[in-house]
Amino acid sequence: MWQRFSLYDLRVIGHYLGTLTQLFAALMAVPFLTALVFQEWEPAERYLLGIGIALVVGTLLQFLRIEPGRLGRRQALAVTGFAWIVLAFFASVPLFLSGHYATYMDALFDGVSGLTTTGATVALDIDHFSNADNMFRFMMHLVGGLGLIVVALSLGIFGKRSGSSLYTAEGRSEHVVPNVVQTTQLILRITLVIIFIAAVVLTALCISIGMEPVRAVLQSIWLAISAFNTGGFAPMAESVSYYNSIPIEVFLMLLMILGSISFVVHAEVWKGRLQSFFGDIEIRTMLIWLLVMTVVVAASLSASALFSDLPAMIRRGLFMVVSAFSTTGFQNVTTNQLTTVFSSGAFLALALIAAVGGSAGSTAGGVKLHRVGIIFKSIVSTVKEAVSPSSARVVVSYNHLGRRVLSSDAVKEAMTVFVLFVITYSVGALVGIAHGYEASQAIMESVSMTSNGGIITGIVTPGMSPSLEAFYIFQMWAGRLEFVTLLAVLAEIIASLAPRKRRGRQ
(Lines give C-alpha, C1' and ligand atoms only; values in the text may rest on other atoms or scores of the structure.)
Protein backbone atom coordinates (compact mmCIF):
# COMPACT_ATOMS: atom_id res chain seq x y z
CA MET A 1 0.00 0.00 0.00
CA TRP A 2 1.32 3.43 -0.99
CA GLN A 3 1.72 5.88 1.88
CA ARG A 4 0.46 9.45 1.66
CA PHE A 5 2.51 12.53 2.40
CA SER A 6 1.21 14.12 5.58
CA LEU A 7 1.28 17.86 6.26
CA TYR A 8 4.26 17.24 8.54
CA ASP A 9 6.09 15.46 5.69
CA LEU A 10 5.48 18.38 3.33
CA ARG A 11 6.77 20.89 5.88
CA VAL A 12 9.94 18.87 6.49
CA ILE A 13 10.50 18.45 2.74
CA GLY A 14 9.97 22.19 2.25
CA HIS A 15 12.49 22.98 4.99
CA TYR A 16 15.25 20.91 3.41
CA LEU A 17 14.49 22.22 -0.08
CA GLY A 18 14.83 25.69 1.41
CA THR A 19 18.25 24.74 2.77
CA LEU A 20 19.36 23.56 -0.68
CA THR A 21 17.97 26.76 -2.22
CA GLN A 22 20.09 28.84 0.15
CA LEU A 23 23.12 26.73 -0.82
CA PHE A 24 22.33 27.50 -4.46
CA ALA A 25 22.21 31.21 -3.61
CA ALA A 26 25.76 30.84 -2.28
CA LEU A 27 26.72 29.13 -5.55
CA MET A 28 25.41 32.12 -7.53
CA ALA A 29 27.79 34.32 -5.52
CA VAL A 30 30.65 32.83 -7.60
CA PRO A 31 29.44 34.27 -10.96
CA PHE A 32 28.44 37.47 -9.13
CA LEU A 33 32.01 37.93 -7.87
CA THR A 34 33.34 36.99 -11.31
CA ALA A 35 31.21 39.76 -12.81
CA LEU A 36 32.61 42.28 -10.31
CA VAL A 37 36.22 41.25 -11.00
CA PHE A 38 35.78 41.64 -14.77
CA GLN A 39 33.55 44.72 -14.42
CA GLU A 40 30.56 43.04 -16.07
CA TRP A 41 27.90 45.20 -14.39
CA GLU A 42 24.81 43.91 -16.18
CA PRO A 43 25.53 40.25 -15.31
CA ALA A 44 26.34 41.35 -11.75
CA GLU A 45 22.85 42.83 -11.43
CA ARG A 46 21.26 39.62 -12.73
CA TYR A 47 23.13 37.36 -10.33
CA LEU A 48 22.49 39.69 -7.42
CA LEU A 49 18.77 39.44 -8.27
CA GLY A 50 19.05 35.66 -8.51
CA ILE A 51 20.80 35.48 -5.13
CA GLY A 52 18.10 37.64 -3.55
CA ILE A 53 15.24 35.55 -4.94
CA ALA A 54 16.89 32.28 -3.85
CA LEU A 55 17.61 33.58 -0.35
CA VAL A 56 14.07 34.88 0.19
CA VAL A 57 12.35 31.76 -1.12
CA GLY A 58 14.82 29.47 0.67
CA THR A 59 14.24 31.24 3.99
CA LEU A 60 10.45 31.10 3.60
CA LEU A 61 10.64 27.38 2.86
CA GLN A 62 12.78 26.82 5.96
CA PHE A 63 10.14 28.53 8.09
CA LEU A 64 7.69 25.78 7.16
CA ARG A 65 9.37 23.70 9.84
CA ILE A 66 11.87 25.39 12.14
CA GLU A 67 13.17 22.15 13.68
CA PRO A 68 12.62 19.43 11.07
CA GLY A 69 14.30 16.61 12.96
CA ARG A 70 15.68 13.49 11.31
CA LEU A 71 14.72 12.85 7.68
CA GLY A 72 12.86 9.64 6.99
CA ARG A 73 13.47 7.54 3.88
CA ARG A 74 10.34 8.82 2.09
CA GLN A 75 11.10 12.45 2.92
CA ALA A 76 14.71 12.08 1.73
CA LEU A 77 13.51 10.65 -1.60
CA ALA A 78 11.22 13.64 -2.07
CA VAL A 79 13.92 16.20 -1.19
CA THR A 80 16.40 14.57 -3.56
CA GLY A 81 13.86 14.11 -6.34
CA PHE A 82 12.55 17.67 -6.31
CA ALA A 83 15.89 19.42 -5.67
CA TRP A 84 17.17 18.98 -9.22
CA ILE A 85 14.14 20.60 -10.86
CA VAL A 86 13.47 23.23 -8.15
CA LEU A 87 17.02 24.57 -8.31
CA ALA A 88 16.86 24.61 -12.11
CA PHE A 89 14.02 27.15 -11.85
CA PHE A 90 16.26 29.45 -9.79
CA ALA A 91 19.12 28.91 -12.26
CA SER A 92 16.89 29.91 -15.15
CA VAL A 93 16.32 33.44 -13.79
CA PRO A 94 19.77 34.98 -14.48
CA LEU A 95 20.16 32.84 -17.60
CA PHE A 96 16.91 34.02 -19.19
CA LEU A 97 17.61 37.67 -18.36
CA SER A 98 20.99 37.42 -20.13
CA GLY A 99 19.32 37.71 -23.55
CA HIS A 100 21.01 34.53 -24.78
CA TYR A 101 17.81 32.46 -24.75
CA ALA A 102 14.92 32.65 -27.20
CA THR A 103 12.32 31.59 -24.60
CA TYR A 104 12.10 31.04 -20.87
CA MET A 105 11.73 27.30 -21.54
CA ASP A 106 15.15 27.38 -23.24
CA ALA A 107 16.70 28.93 -20.12
CA LEU A 108 15.05 26.30 -17.92
CA PHE A 109 16.33 23.59 -20.28
CA ASP A 110 19.89 24.83 -19.87
CA GLY A 111 19.42 25.03 -16.09
CA VAL A 112 18.37 21.38 -15.97
CA SER A 113 21.08 20.42 -18.46
CA GLY A 114 23.74 22.15 -16.37
CA LEU A 115 22.73 20.63 -13.04
CA THR A 116 22.22 17.12 -14.41
CA THR A 117 25.55 17.42 -16.29
CA THR A 118 23.84 16.65 -19.58
CA GLY A 119 25.67 19.45 -21.35
CA ALA A 120 23.21 19.96 -24.20
CA THR A 121 22.50 23.65 -24.72
CA VAL A 122 19.97 25.81 -26.55
CA ALA A 123 21.76 29.08 -25.81
CA LEU A 124 22.24 31.72 -28.50
CA ASP A 125 25.66 33.20 -29.36
CA ILE A 126 27.66 31.16 -26.83
CA ASP A 127 30.93 32.69 -28.05
CA HIS A 128 29.88 36.04 -26.59
CA PHE A 129 28.73 34.85 -23.16
CA SER A 130 30.02 37.01 -20.31
CA ASN A 131 32.63 35.48 -18.01
CA ALA A 132 30.04 35.51 -15.22
CA ASP A 133 27.49 33.55 -17.27
CA ASN A 134 30.10 30.99 -18.28
CA MET A 135 31.29 30.67 -14.70
CA PHE A 136 27.71 29.97 -13.60
CA ARG A 137 27.20 27.31 -16.26
CA PHE A 138 30.30 25.42 -15.13
CA MET A 139 29.55 25.87 -11.43
CA MET A 140 26.28 24.07 -12.13
CA HIS A 141 28.30 21.26 -13.70
CA LEU A 142 30.59 21.12 -10.67
CA VAL A 143 27.75 20.88 -8.15
CA GLY A 144 25.60 18.66 -10.36
CA GLY A 145 28.43 16.26 -11.17
CA LEU A 146 29.27 15.72 -7.53
CA GLY A 147 25.58 15.57 -6.62
CA LEU A 148 23.58 18.28 -4.88
CA ILE A 149 23.26 16.17 -1.74
CA VAL A 150 26.95 15.21 -1.71
CA VAL A 151 27.96 18.88 -1.80
CA ALA A 152 25.48 19.80 0.95
CA LEU A 153 26.59 16.91 3.17
CA SER A 154 30.29 17.62 2.61
CA LEU A 155 29.72 21.17 3.87
CA GLY A 156 27.85 19.90 6.93
CA ILE A 157 24.63 21.67 5.93
CA PHE A 158 22.28 18.78 6.76
CA GLY A 159 24.21 17.59 9.81
CA LYS A 160 24.86 13.94 10.61
CA ARG A 161 21.35 12.77 11.43
CA SER A 162 19.90 12.99 7.93
CA GLY A 163 23.03 12.18 5.94
CA SER A 164 22.54 8.48 5.33
CA SER A 165 18.96 8.80 4.01
CA LEU A 166 19.86 11.64 1.64
CA TYR A 167 23.08 9.99 0.43
CA THR A 168 21.23 6.79 -0.46
CA ALA A 169 18.31 8.68 -2.05
CA GLU A 170 20.71 10.31 -4.54
CA GLY A 171 21.57 6.89 -5.95
CA ARG A 172 24.75 6.28 -3.96
CA SER A 173 25.24 3.31 -1.67
CA GLU A 174 28.99 2.67 -1.35
CA HIS A 175 30.99 4.53 1.26
CA VAL A 176 34.61 5.53 0.75
CA VAL A 177 34.93 5.67 4.53
CA PRO A 178 32.38 4.44 7.12
CA ASN A 179 30.98 7.92 7.90
CA VAL A 180 28.68 9.46 5.27
CA VAL A 181 29.81 13.04 5.87
CA GLN A 182 33.47 12.04 5.70
CA THR A 183 32.74 10.10 2.51
CA THR A 184 31.23 13.17 0.82
CA GLN A 185 34.12 15.34 2.02
CA LEU A 186 36.65 12.91 0.50
CA ILE A 187 34.71 12.88 -2.78
CA LEU A 188 34.80 16.69 -2.85
CA ARG A 189 38.51 16.72 -2.01
CA ILE A 190 39.37 14.23 -4.79
CA THR A 191 37.37 16.28 -7.29
CA LEU A 192 38.94 19.62 -6.40
CA VAL A 193 42.49 18.23 -6.48
CA ILE A 194 42.03 16.63 -9.90
CA ILE A 195 40.33 19.75 -11.33
CA PHE A 196 43.11 21.99 -9.98
CA ILE A 197 45.87 19.86 -11.52
CA ALA A 198 43.92 19.57 -14.79
CA ALA A 199 43.34 23.34 -14.94
CA VAL A 200 47.08 24.01 -14.55
CA VAL A 201 47.95 21.59 -17.38
CA LEU A 202 45.19 22.92 -19.66
CA THR A 203 46.27 26.51 -18.99
CA ALA A 204 49.75 25.70 -20.27
CA LEU A 205 48.28 23.95 -23.33
CA CYS A 206 45.93 26.87 -24.10
CA ILE A 207 48.75 29.41 -23.80
CA SER A 208 50.86 27.24 -26.12
CA ILE A 209 48.26 27.65 -28.89
CA GLY A 210 48.32 31.45 -28.56
CA MET A 211 45.54 32.17 -26.05
CA GLU A 212 46.06 35.16 -23.77
CA PRO A 213 46.84 34.12 -20.14
CA VAL A 214 43.68 35.33 -18.36
CA ARG A 215 41.41 33.79 -20.97
CA ALA A 216 43.50 30.62 -20.93
CA VAL A 217 43.10 30.29 -17.15
CA LEU A 218 39.33 30.77 -17.26
CA GLN A 219 38.74 28.41 -20.17
CA SER A 220 41.02 25.80 -18.61
CA ILE A 221 39.09 25.86 -15.34
CA TRP A 222 35.82 25.50 -17.20
CA LEU A 223 37.06 22.69 -19.44
CA ALA A 224 38.56 20.83 -16.46
CA ILE A 225 35.28 21.05 -14.53
CA SER A 226 33.22 19.96 -17.52
CA ALA A 227 35.53 17.07 -18.47
CA PHE A 228 36.03 15.51 -15.02
CA ASN A 229 32.40 16.01 -14.02
CA THR A 230 31.40 14.59 -17.44
CA GLY A 231 29.28 17.67 -18.04
CA GLY A 232 29.58 18.68 -21.67
CA PHE A 233 29.15 22.46 -21.63
CA ALA A 234 32.00 24.17 -23.47
CA PRO A 235 33.02 27.85 -23.41
CA MET A 236 32.82 28.06 -27.20
CA ALA A 237 30.02 27.13 -29.60
CA GLU A 238 32.30 24.77 -31.57
CA SER A 239 32.98 22.76 -28.41
CA VAL A 240 36.45 21.18 -28.30
CA SER A 241 36.98 21.47 -32.07
CA TYR A 242 37.41 25.25 -31.51
CA TYR A 243 40.90 24.66 -30.06
CA ASN A 244 42.07 22.38 -32.91
CA SER A 245 44.73 20.96 -30.60
CA ILE A 246 45.62 17.28 -30.34
CA PRO A 247 47.31 17.67 -26.89
CA ILE A 248 44.18 19.35 -25.47
CA GLU A 249 41.94 16.63 -26.90
CA VAL A 250 44.17 13.83 -25.52
CA PHE A 251 44.26 15.41 -22.06
CA LEU A 252 40.48 15.95 -22.06
CA MET A 253 40.01 12.26 -22.97
CA LEU A 254 42.08 11.30 -19.93
CA LEU A 255 39.98 13.59 -17.72
CA MET A 256 36.70 12.20 -19.09
CA ILE A 257 37.83 8.63 -18.40
CA LEU A 258 38.87 9.58 -14.85
CA GLY A 259 35.44 11.16 -14.34
CA SER A 260 33.81 7.92 -15.47
CA ILE A 261 35.49 5.87 -12.73
CA SER A 262 33.76 5.39 -9.36
CA PHE A 263 34.94 7.66 -6.55
CA VAL A 264 35.28 4.56 -4.38
CA VAL A 265 37.83 3.15 -6.83
CA HIS A 266 39.57 6.55 -6.92
CA ALA A 267 39.87 6.41 -3.13
CA GLU A 268 41.32 2.90 -3.27
CA VAL A 269 43.98 4.03 -5.76
CA TRP A 270 44.80 7.04 -3.59
CA LYS A 271 45.40 4.62 -0.71
CA GLY A 272 47.82 2.67 -2.90
CA ARG A 273 45.58 -0.33 -3.46
CA LEU A 274 46.13 -0.74 -7.19
CA GLN A 275 44.92 -4.34 -7.11
CA SER A 276 41.40 -3.07 -6.35
CA PHE A 277 41.56 -0.97 -9.52
CA PHE A 278 42.60 -3.64 -12.00
CA GLY A 279 40.48 -6.39 -10.46
CA ASP A 280 37.26 -4.36 -10.25
CA ILE A 281 34.34 -5.63 -12.34
CA GLU A 282 33.59 -2.12 -13.63
CA ILE A 283 37.16 -1.43 -14.72
CA ARG A 284 37.37 -4.75 -16.54
CA THR A 285 33.98 -4.20 -18.17
CA MET A 286 35.05 -0.68 -19.15
CA LEU A 287 38.26 -1.84 -20.84
CA ILE A 288 36.53 -4.61 -22.80
CA TRP A 289 33.59 -2.37 -23.74
CA LEU A 290 35.79 0.52 -24.91
CA LEU A 291 38.04 -1.80 -26.93
CA VAL A 292 35.12 -3.52 -28.69
CA MET A 293 33.19 -0.33 -29.44
CA THR A 294 36.29 1.56 -30.60
CA VAL A 295 36.94 -1.18 -33.15
CA VAL A 296 33.29 -1.07 -34.26
CA VAL A 297 33.30 2.72 -34.67
CA ALA A 298 36.69 2.69 -36.42
CA ALA A 299 35.55 0.03 -38.88
CA SER A 300 32.41 2.02 -39.61
CA LEU A 301 34.29 5.32 -40.05
CA SER A 302 36.90 3.85 -42.38
CA ALA A 303 34.45 4.10 -45.27
CA SER A 304 34.00 7.87 -44.81
CA ALA A 305 35.97 10.42 -46.84
CA LEU A 306 36.60 12.58 -43.75
CA PHE A 307 38.30 9.65 -42.06
CA SER A 308 40.14 8.21 -45.05
CA ASP A 309 43.51 8.60 -43.30
CA LEU A 310 44.28 6.72 -40.10
CA PRO A 311 45.40 9.71 -37.92
CA ALA A 312 42.14 11.60 -38.59
CA MET A 313 40.07 8.49 -37.86
CA ILE A 314 41.89 7.82 -34.59
CA ARG A 315 41.75 11.47 -33.51
CA ARG A 316 38.08 12.13 -34.16
CA GLY A 317 36.70 8.63 -33.74
CA LEU A 318 38.45 7.83 -30.46
CA PHE A 319 37.60 11.23 -28.96
CA MET A 320 33.91 10.81 -29.79
CA VAL A 321 33.91 7.27 -28.37
CA VAL A 322 35.37 8.48 -25.06
CA SER A 323 33.01 11.46 -24.99
CA ALA A 324 29.99 9.21 -25.55
CA PHE A 325 31.20 6.54 -23.10
CA SER A 326 31.75 9.08 -20.32
CA THR A 327 28.44 10.80 -21.21
CA THR A 328 30.32 14.10 -21.35
CA GLY A 329 29.18 15.29 -24.75
CA PHE A 330 32.29 17.14 -25.94
CA GLN A 331 32.59 17.12 -29.72
CA ASN A 332 35.65 17.51 -31.95
CA VAL A 333 33.41 17.32 -35.01
CA THR A 334 30.52 19.63 -35.90
CA THR A 335 26.92 18.58 -35.49
CA ASN A 336 26.54 18.64 -39.27
CA GLN A 337 29.54 16.29 -39.68
CA LEU A 338 28.12 14.01 -37.00
CA THR A 339 24.84 13.58 -38.89
CA THR A 340 26.13 13.60 -42.47
CA VAL A 341 29.75 12.38 -42.54
CA PHE A 342 29.52 9.78 -39.78
CA SER A 343 28.12 6.53 -41.14
CA SER A 344 24.83 5.29 -39.71
CA GLY A 345 26.71 2.43 -38.06
CA ALA A 346 29.15 4.74 -36.27
CA PHE A 347 26.30 7.07 -35.35
CA LEU A 348 24.23 4.31 -33.72
CA ALA A 349 27.35 2.85 -32.08
CA LEU A 350 27.90 6.19 -30.31
CA ALA A 351 24.28 6.09 -29.14
CA LEU A 352 24.79 2.58 -27.74
CA ILE A 353 28.01 3.63 -25.99
CA ALA A 354 26.28 6.62 -24.38
CA ALA A 355 23.31 4.46 -23.38
CA VAL A 356 25.57 2.22 -21.28
CA GLY A 357 27.62 5.08 -19.80
CA GLY A 358 30.36 4.93 -17.16
CA SER A 359 30.80 3.53 -13.66
CA ALA A 360 28.31 3.60 -10.81
CA GLY A 361 29.33 6.09 -8.14
CA SER A 362 31.07 8.30 -10.72
CA THR A 363 29.94 11.54 -12.36
CA ALA A 364 28.93 9.70 -15.56
CA GLY A 365 25.37 8.84 -16.56
CA GLY A 366 23.69 5.97 -18.40
CA VAL A 367 22.81 2.45 -17.32
CA LYS A 368 26.31 2.09 -15.76
CA LEU A 369 28.99 -0.55 -16.32
CA HIS A 370 28.40 -2.09 -12.91
CA ARG A 371 24.85 -3.05 -13.86
CA VAL A 372 25.94 -4.37 -17.25
CA GLY A 373 28.56 -6.50 -15.51
CA ILE A 374 25.99 -7.79 -13.00
CA ILE A 375 23.54 -8.68 -15.78
CA PHE A 376 26.30 -10.53 -17.66
CA LYS A 377 27.22 -12.42 -14.49
CA SER A 378 23.54 -13.29 -14.05
CA ILE A 379 23.50 -14.78 -17.56
CA VAL A 380 26.62 -16.80 -16.68
CA SER A 381 24.89 -18.02 -13.51
CA THR A 382 21.79 -19.07 -15.47
CA VAL A 383 23.88 -21.01 -17.99
CA LYS A 384 25.85 -22.72 -15.21
CA GLU A 385 22.64 -23.76 -13.48
CA ALA A 386 21.32 -25.19 -16.74
CA VAL A 387 24.34 -27.45 -17.29
CA SER A 388 25.00 -28.36 -13.63
CA PRO A 389 23.50 -31.36 -11.80
CA SER A 390 20.24 -30.61 -10.03
CA SER A 391 21.91 -31.19 -6.65
CA ALA A 392 24.72 -28.69 -7.35
CA ARG A 393 24.71 -25.22 -5.80
CA VAL A 394 25.92 -22.66 -8.35
CA VAL A 395 27.80 -19.68 -6.92
CA VAL A 396 28.96 -16.81 -9.17
CA SER A 397 31.22 -14.13 -7.71
CA TYR A 398 32.82 -10.91 -8.91
CA ASN A 399 35.34 -8.33 -7.72
CA HIS A 400 34.11 -4.93 -6.63
CA LEU A 401 36.09 -3.64 -3.65
CA GLY A 402 36.65 -7.21 -2.62
CA ARG A 403 35.15 -10.53 -3.56
CA ARG A 404 31.33 -10.49 -3.74
CA VAL A 405 28.82 -13.25 -4.37
CA LEU A 406 26.17 -12.49 -6.98
CA SER A 407 22.85 -12.06 -5.17
CA SER A 408 19.29 -12.00 -6.45
CA ASP A 409 18.81 -8.49 -5.00
CA ALA A 410 21.77 -7.17 -7.01
CA VAL A 411 20.44 -8.75 -10.20
CA LYS A 412 16.93 -7.40 -9.56
CA GLU A 413 18.21 -3.86 -9.02
CA ALA A 414 20.39 -3.99 -12.13
CA MET A 415 17.61 -5.38 -14.33
CA THR A 416 15.02 -2.92 -13.00
CA VAL A 417 17.12 0.15 -13.76
CA PHE A 418 18.28 -1.34 -17.10
CA VAL A 419 14.69 -1.92 -18.25
CA LEU A 420 13.60 1.57 -17.14
CA PHE A 421 16.45 3.14 -19.10
CA VAL A 422 15.64 1.13 -22.22
CA ILE A 423 11.94 2.04 -21.99
CA THR A 424 12.76 5.73 -21.61
CA TYR A 425 15.27 5.64 -24.47
CA SER A 426 12.59 4.05 -26.68
CA VAL A 427 9.75 6.36 -25.66
CA GLY A 428 11.98 9.42 -26.14
CA ALA A 429 12.93 8.24 -29.62
CA LEU A 430 9.26 7.77 -30.51
CA VAL A 431 8.46 11.26 -29.23
CA GLY A 432 11.22 12.67 -31.44
CA ILE A 433 9.94 10.73 -34.45
CA ALA A 434 6.41 11.97 -33.74
CA HIS A 435 7.76 15.53 -33.98
CA GLY A 436 8.95 14.82 -37.54
CA TYR A 437 12.62 13.95 -37.05
CA GLU A 438 14.62 11.09 -38.55
CA ALA A 439 14.72 7.90 -36.48
CA SER A 440 18.51 7.87 -36.07
CA GLN A 441 18.54 11.48 -34.86
CA ALA A 442 15.61 10.87 -32.52
CA ILE A 443 17.33 7.82 -31.02
CA MET A 444 20.60 9.66 -30.42
CA GLU A 445 18.89 12.68 -28.89
CA SER A 446 16.75 10.52 -26.60
CA VAL A 447 19.77 8.54 -25.41
CA SER A 448 21.76 11.74 -24.85
CA MET A 449 19.00 13.31 -22.76
CA THR A 450 18.30 10.23 -20.62
CA SER A 451 21.93 9.23 -20.11
CA ASN A 452 22.86 12.89 -19.49
CA GLY A 453 25.22 12.53 -22.42
CA GLY A 454 24.94 15.82 -24.31
CA ILE A 455 25.96 14.74 -27.83
CA ILE A 456 23.26 16.36 -29.95
CA THR A 457 22.31 15.92 -33.59
CA GLY A 458 20.37 19.10 -34.36
CA ILE A 459 17.02 18.39 -32.71
CA VAL A 460 17.92 20.30 -29.55
CA THR A 461 17.97 23.86 -30.89
CA PRO A 462 16.90 27.31 -29.66
CA GLY A 463 13.12 27.74 -29.78
CA MET A 464 12.47 24.04 -30.33
CA SER A 465 8.98 22.58 -29.88
CA PRO A 466 7.87 23.25 -26.27
CA SER A 467 6.32 19.78 -25.92
CA LEU A 468 9.50 18.04 -27.07
CA GLU A 469 11.63 20.34 -24.93
CA ALA A 470 9.50 19.56 -21.85
CA PHE A 471 9.87 15.83 -22.49
CA TYR A 472 13.65 16.16 -22.84
CA ILE A 473 13.74 18.06 -19.53
CA PHE A 474 11.88 15.16 -17.93
CA GLN A 475 14.33 12.68 -19.46
CA MET A 476 17.34 14.57 -18.08
CA TRP A 477 15.73 14.74 -14.65
CA ALA A 478 14.72 11.06 -14.62
CA GLY A 479 18.07 9.85 -15.95
CA ARG A 480 20.05 11.78 -13.33
CA LEU A 481 17.97 10.21 -10.56
CA GLU A 482 18.16 6.76 -12.23
CA PHE A 483 14.36 6.53 -12.14
CA VAL A 484 13.80 4.75 -8.81
CA THR A 485 13.83 7.90 -6.68
CA LEU A 486 11.66 9.80 -9.16
CA LEU A 487 9.14 6.98 -9.55
CA ALA A 488 8.91 6.56 -5.78
CA VAL A 489 8.21 10.29 -5.35
CA LEU A 490 5.61 10.32 -8.15
CA ALA A 491 3.88 7.30 -6.63
CA GLU A 492 3.73 9.06 -3.25
CA ILE A 493 2.30 12.20 -4.86
CA ILE A 494 -0.37 10.25 -6.73
CA ALA A 495 -1.27 8.38 -3.56
CA SER A 496 -1.51 11.66 -1.65
CA LEU A 497 -3.78 13.25 -4.26
CA ALA A 498 -6.08 10.24 -4.61
CA PRO A 499 -9.31 10.51 -2.60
CA ARG A 500 -9.45 8.37 0.50
CA LYS A 501 -11.70 5.34 0.35
CA ARG A 502 -14.54 5.48 2.80
CA ARG A 503 -15.13 2.44 4.87
CA GLY A 504 -18.58 0.97 4.58
CA ARG A 505 -20.78 0.62 7.64
CA GLN A 506 -20.53 -2.64 9.50
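A residue counts as buried when its relative accessible area is under 20%. Keep that cut-off in mind as you explore this predicted model.

**First stop: a ring pair inside.** Select Tyr47; its relative accessible area is 0%, so Tyr47 is buried. Now add Phe136, which is buried as well because its relative accessibility is 0%. The two ring centres lie 5.3 Å apart with the planes at 70°, so this pair is edge-to-face. Colour the helices and you will see that the pair links distant parts of the chain: Tyr47 sits in helix H2 (residues 41-62) and Phe136 in helix H5 (residues 131-146), 89 residues apart. Add Phe24 to your selection too, since ring pairs link Phe24, Tyr47 and Phe136 into a cluster.

**Second stop: a pair within one helix.** Go to helix H20 (residues 466-481) and pick Phe471 and Phe474, which are 3 residues apart, about one turn of the helix. Their rings form a tilted pair, 6.4 Å centre to centre with 45° between the planes. Phe474 has a relative accessible area of 34%, so it is partly exposed. In total, the structure holds 9 aromatic pairs.

**Third stop: a charge over a ring.** Show Arg137 together with Phe233: Arg137 lies over the face of that ring, 4.3 Å from its centre.

**Last stop: the surface.** Select Val193, Phe196, Ile197, Val200, Val201, Val269 and Trp270, a nonpolar surface patch with about 620 Å² of accessible area together. Helix H8 (180-208) and helix H11 (263-270) each give two or more residues to this patch. Which helix gives the largest share? That is H8, with 5 residues. Val193 lies in H8 and is partly exposed, at 34% relative accessible area.

How values were computed. Residues numbered from 1 in each chain as written. Predicted model: local features only at pLDDT ≥ 70, side-chain atom pairs only at ≥ 80, totals over all residues. Heavy atoms only, no water. Patch = residues over 30% accessible without salt bridge, like charges linked within 9 Å, V, L, I, M, F, W, Y side chains within 5 Å. Areas by Shrake-Rupley, 256 points an atom, 1.4 Å probe, with all protein chains shown as cover. Salt bridge = Lys/Arg side-chain N within 4 Å of Asp/Glu carboxyl O. Helix = DSSP H or I, 4+ residues; strand = E, 2+ residues; numbered from the N terminus. Buried < 20%, exposed > 50% of the residue type's maximum accessible area, 1.4 Å probe, protein only. Phe/Tyr/Trp six-rings, centres within 6.5 Å; stacked < 30°, edge-to-face > 60°. Lys NZ or Arg CZ within 6 Å of the ring centre and 35° of its normal.
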